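Trainee: Could you take me through this structure, piece by piece? I would like to work from the sheets to the side chains.

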Amino acid sequence: MRVKDAVIYDISAVFEDETVETVIRLLSRQNLSGVPVVDYDMRVVGFVSESDLIKALVPSYFSLLRSASFIPDTNQLIRNVVKIKDKPISEFMNKPPIVVKEDDPLIVAADYLIRHGFKSLPVVDDSMQLVGILRRIDVLRVVSERKLEI
């Protein structure tokens, strides 16, 4: 089984100069956890997730969550959103992106998803142009249909 057997071709992506605010709205509106970031030739140059944006808004948020004394400060979150909402998403995306190709073994892609804690991976062609997205649920769907070659 290959990535192409589980890839979703109807996908969303954002350009690297899109604003943080635009990306947040897209993720919310389409119920996405992350989105590939592309240049104007549709080559994948990064990936941004909701976790990346939370880290940008409240840099110490995840470490503070582990503390029993952490009390969220909504005002700080609002102030930080105002500070970064008009900045380009390229400042907050993960780069270089971790990608897979359609002919890669699905088990390799599943390993990337599990080891790195990703919810999805961009699928690219040989020139790094975006062709689709592979989500964890797509891997699970293929496995549940017993199509995965072991």
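What follows is a set of questions and answers on sheets, a helix, an aromatic pair and salt bridges.

Mentor: Two ground rules come before we begin. This is a predicted model, in which local features need pLDDT of at least 70 and side-chain atom pairs count only at pLDDT 80 or more, while totals for chains, interfaces and linings use all residues. Residues are numbered from 1 along each chain as its sequence is written, and side-chain values use heavy atoms, with hydrogens and water left out.

Trainee: In the open sheet with the order 1-2-3, which are the edge strands?

Mentor: Strands here are DSSP runs of E with at least two residues, and helices are runs of H or I with at least four, numbered from the N terminus. Two strands pair if DSSP finds at least two bridges between them. This sheet has 3 strands and mixed pairing. Pairing on one side only marks the edges: strand 1 and strand 3.

Trainee: How many bridges join strand 2 to strand 3?

Mentor: These two strands form a hairpin with 5 residues between them, and methionine 42 in the turn has a positive phi of about 65°. Proline 36 has phenylalanine 47 as its bridge partner in strand 3. Glycine 34 has serine 49. The strands run antiparallel, and the number of bridges is 5.

Trainee: How many of the 6 residues of strand 3 are buried?

Mentor: Buried means under 20% relative accessible area, exposed means over 50%, and partly exposed lies in between (1.4 Å probe, protein chains only). By that rule strand 3 is mostly covered. The number of buried residues is 5.

Trainee: In the sheet with the order 4-5-6, which strands stand at the edges?

Mentor: This is an open sheet of 3 strands with mixed pairing. Strand 5 (residues 120-124) pairs with strand 6 in the antiparallel sense over 5 bridges. One of the partnerships sets proline 122 against isoleucine 133 in strand 6. Each edge strand has a single partner strand, so one side of each lacks a neighbour in the sheet: these are strand 4 and strand 6 (130-135).

Trainee: Why do the buried residues of helix 2 lie on the same side?

Mentor: The buried residues of helix 2 (residues 50-57) are Asp52, Leu53 and Leu57. They share a side because they cover an arc around the axis, taken from the directions from the helix axis to the C-beta atoms. That arc is only 135°.

Trainee: Which side chain of opposite charge is nearest to aspartate 52?

Mentor: Lys and Arg count as positive, Asp and Glu as negative; His and the chain ends are not counted. A salt bridge needs a side-chain nitrogen of Lys or Arg within 4 Å of a carboxyl oxygen of Asp or Glu. Leaving aside neighbours within four places in sequence, aspartate 52 is in contact (heavy atoms within 4.5 Å) with Phe47, Phe92 and Asn94. Aspartate 52 is buried yet has no salt bridge, and the nearest opposite charge, 5.0 Å away, is lysine 55.

Trainee: What is the angle between the planes of phenylalanine 15 and tyrosine 40?

Mentor: Rings of Phe, Tyr and Trp (its six-membered ring) pair if their centres lie within 6.5 Å; planes under 30 degrees apart count as stacked, over 60 as edge-to-face and the rest as tilted. The search of the whole structure finds 1 aromatic pair. Phenylalanine 15 and tyrosine 40 are stacked, 4.4 Å centre to centre, and the angle is 20°.

Trainee: How many residues apart are phenylalanine 15 and tyrosine 40?

Mentor: Phenylalanine 15 is partly exposed at 25% relative accessibility, whereas tyrosine 40 is exposed at 56%. Phenylalanine 15 lies in strand 1 (residues 14-15), and tyrosine 40 in the loop between strand 2 (34-38) and strand 3 (44-49). The pair links distant parts of the chain, with a separation of 25 residues.

Trainee: Which residue forms a salt bridge with aspartate 103?

Mentor: The structure holds 10 salt bridges. In this one the closest N and O atoms are 3.1 Å apart, and the partner of aspartate 103 is lysine 4. The two are 99 residues apart: aspartate 103 is in the loop between strand 4 (100-101) and helix 5 (106-116), and its partner is in the segment before strand 1. With a relative accessible area of 42%, the partly exposed partner is lysine 4.

Trainee: Is aspartate 138 buried or exposed?

Mentor: Aspartate 138 meets arginine 141 in a salt bridge (4.0 Å, N to O). Being 3 residues apart in helix 6 (residues 136-144), the two are separated by about one helical turn. Arginine 141 is partly exposed at 32%. Aspartate 138 has a relative accessible area of 2%, so it counts as buried.
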